[in-house]
Amino acid sequence: MPTFTTHDGTELAYRVLGEGEPLVCLAGGPMRDAGYLGDLGGLAAHRALVLLDARGTGASAEPADPGTYRCDRQVGDVEALRAHLGLERIDLLGHSAAGNLAVLYAAAHPERIRSLVLVTSLSRALGVGTTDEEWDKAVEVFADRPWYPEARAALDTIGPDTPLRRVYEITAPFAYGRWDAAAQEHAARTGPEMNWEAAPVYHGEGAYDPETTRRALGALTAPVLILAGEYDAGPTPAKAAALFPHAELVVQPGAAHHPWVDDPEAFARTVAAFLDPDVSTVTVDGVRIAYRVAGPEDARPVVLVHGRGNDGTTWTVISADLAADHRVYAMDLRGHGLSDRPGSYGFEDFRDELGGFLEALGLTGATVVAHSMGAAAAYLLAQCAPGLIGRLVLEEAPAFVPLDPPRPVAERPEGALPFDWGVVTATDAELNAPDPAWREELSAIAAPTLVLAGGPTSHIPQDQLSVLASDIPDARLVTIEVGHLIHNAAPAAFLAALREFGL
């Protein structure tokens with residue numbers, strides 16, 4: 001493991017997982033080996049995680065002065081790591097107790113923070129806390145779990161003389177959204193990974209001056225993500241979020257104190273989207289939708305909607321060209337890319353989501369360019385909300401003619417997928433037996449429409465696309481014989497067709 005020497009001569013160790021822009025990660029506990037963070041639910045696929053072992057934990061040396069275990073006295077360790085890494089500014093993540101350290105560092109060095117992520121973080125540094133009574137009440141969310149009666153009885157035995165290690169053992173089931181084998185294995189590592197002598201010093205007297213810290217944070221211009229768990233009884237995230245100039249609060253459903261263990265993919269998507277400077281998010285009907293923007297702010301808006309199994313990055317070449325004279329928005333539909341995966345999918349869900357996206361961003365009258373599944377959602381929206389879409393481009397859209405023969409239930413491939421497999425099963429069922437109204441109401445589309453067909457190598461029956469174009473009052477059909485993914489296979493021809501259409 002690489003090491004560096006901090007301000008008081010203590011040698012500290014860190015490990016690096018993944019590649020890309022560094023994300024400095026501070027472990028909680030307090031005073032627990034950073035190994036318990038793992039790869040943060042796969043976040044290492046998006047960023048290079050720099051996992052610091054705090055002094056006296058993991059591979060880091062014990063300090064000469066045990067008093068330096070106190071949280072505020074470790075701020076210099078974070079600054080020494082930044083300097084060692086040669087970074088002018090850092091993206092900084094703190095979990096649980098280490099959220100206090102991350103906050104103190106941001107208050108002391110606001111100019112060094114590029115972004116700040118606080119994960120189920122205790123907010124003692126801000127003077128925000130949870131009483132024992134509030135904690136006891138909050139854990140009742142687990143009352144229907146089979147393990148709850150025994151765990152609750154043990155919880156009631158905790159007193160001022162209960163050893164800290166025993167307190168952690170008793171409270172462990174309440175720290176996970178599911179007390180399953182993975183959670184139990186993760187919790188079992190707490191004992192050997194904690195520095196039990198240092199832990200009580202961390203929050204010791206004098207560690208925090210909340211009023212001073214709050215004032216100092218007024219100079220923090222960097223964005224802050226406060227990620228809470230729905231079932232986490234400890235932190236009070238809404239109160240903490242209000243104390244930052246630029247904070248976003250996200251509550252991960254079904255998660256508790258270790259959200260990357262409870263739902264790794266949801267955790268990684270949320271944090272990756274926040275950290276990516278090219279990605280913004282908006283919430284539509286409770287679902288966080290990620291999107292990328294390019295082009296002049298005052299230019300005519302164009303919204304790009306991908307097909308099944310893709311995401312907004314499929315439009316990279318098209319977006320770069322259109323951005324010369326348009327404001328381009330490339331969204332990730334629910335279940336895809338960096339957007340939420342709520343588990344409910346269907347063409348009308350995507351339709352409503354697109355409509356909510358246009359309304360939330362003030363894009364009424366925008367041109368919508370959409371592919372395949374996204375194109376179906378777009379023309380369903382154009383039927384029921386004619387004023388929302390100004391012009392419409394439908395690339396290889398399904399015509400909602402019942403499939404003959406119907407598709408069998410598809411088997412999910414092995415391994416991780418860049419989208420939720422539930423999208424496939426839900427939309428295949430609707431393609432097999434679509435709502436007849438989806439075809440019958442094509443005449444309600446008022447937007448000028450361009451239908452793009454991929455020719456005989458496409459799996460979409462081309463005669464159905466001809467009928468689709470003829471049933472839309474103001475539509476024209478253009479065929480580019482490269483198959484289903486026209487915008488990828490022939491971007492120049494695709495763009496030429498869009499420009500001829502008036503974009």
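Helix α18 has an exposed side, on which D463 and S470 are found. Opposite these two residues, α18 (residues 462-471) has the buried residues Q462, Q464, L465, L468 and A469. The buried residues line one face of the helix, because their directions fall within an arc of 150° when seen down the axis of α18. The model is predicted, and the points below place α18 in the setting of the protein, then turn to a second helix and to selected loop residues.

**Surroundings of α18**

- The buried residues of α18 pack against one other helix listed here, α15 (372-384).
- They also pack against the strands β14 (389-395), β15 (449-453) and β16 (475-479).

**Helix α5**

- In helix α5, which comprises residues 164-171, the buried residues are V167, I170 and T171.
- These residues are on the same side of α5, because they cover an arc of only 90° around the axis.
- The packing partners of the buried residues of α5 are the helices α3 (132-138) and α4 (148-155).

**Overall architecture**

- The protein has 20 helices and 16 strands as its secondary structure.
- The radius of gyration of the protein is 26 Å, which agrees with the value near 23 Å for a compact globule of 503 residues.
- The C-alpha trace spans about 80 × 50 × 40 Å along the principal axes of the protein.
- Contacts between residues at least 6 apart in sequence join residues at least 24 apart in 72% of cases.

**Burial, surface and charge**

- Buried residues make up 56% of the 503 residues of the protein.
- The protein has an accessible surface of about 20,500 Å², and carbon and sulfur atoms account for 52% of this surface.
- The protein has 36 positive and 69 negative charges, and the mean positions of the two sets are 4 Å apart.

**Loop between β3 and β4**

- P30 is placed in the loop between β3 (22-26) and β4 (48-52).
- The peptide bond that leads from G29 to P30 is cis, and its omega is near -5°.
- M31 is also found in the loop between β3 and β4.
- The phi of M31 is near 70°, which is a positive value in a residue other than glycine.
- M31 counts as buried because its relative accessibility is 2%, where the cut-off for a buried residue is under 20%.

**Loop between β14 and α16**

- P405 lies in the loop between β14 and α16 (422-432).
- The peptide bond from D404 to P405 is cis, with an omega near 0°.
- Strand β14 is also one of the elements against which the buried residues of α18 pack.

**Loop between β9 and β10**

- D285 is found in the loop between β9 (279-284) and β10 (287-294).
- The phi of D285 is near 50°, a positive value in a residue that is not glycine.
- D285 is exposed, because its relative accessible area is 68% and the cut-off for an exposed residue is over 50%.

Notes: Residues numbered from 1 in each chain as written. Predicted model: local features only at pLDDT ≥ 70, side-chain atom pairs only at ≥ 80, totals over all residues. Heavy atoms only, no water. Buried < 20%, exposed > 50% of the residue type's maximum accessible area, 1.4 Å probe, protein only. Helix = DSSP H or I, 4+ residues; strand = E, 2+ residues; numbered from the N terminus. Arc of directions from axis to C-beta. Contact = heavy atoms within 4.5 Å. Rg over C-alpha atoms; globule rule 2.2 N^0.38 Å. Areas by Shrake-Rupley, 256 points an atom, 1.4 Å probe, with all protein chains shown as cover. Lys, Arg positive; Asp, Glu negative; His and termini not counted. Charge placed at Lys NZ, Arg CZ, Asp CG, Glu CD.
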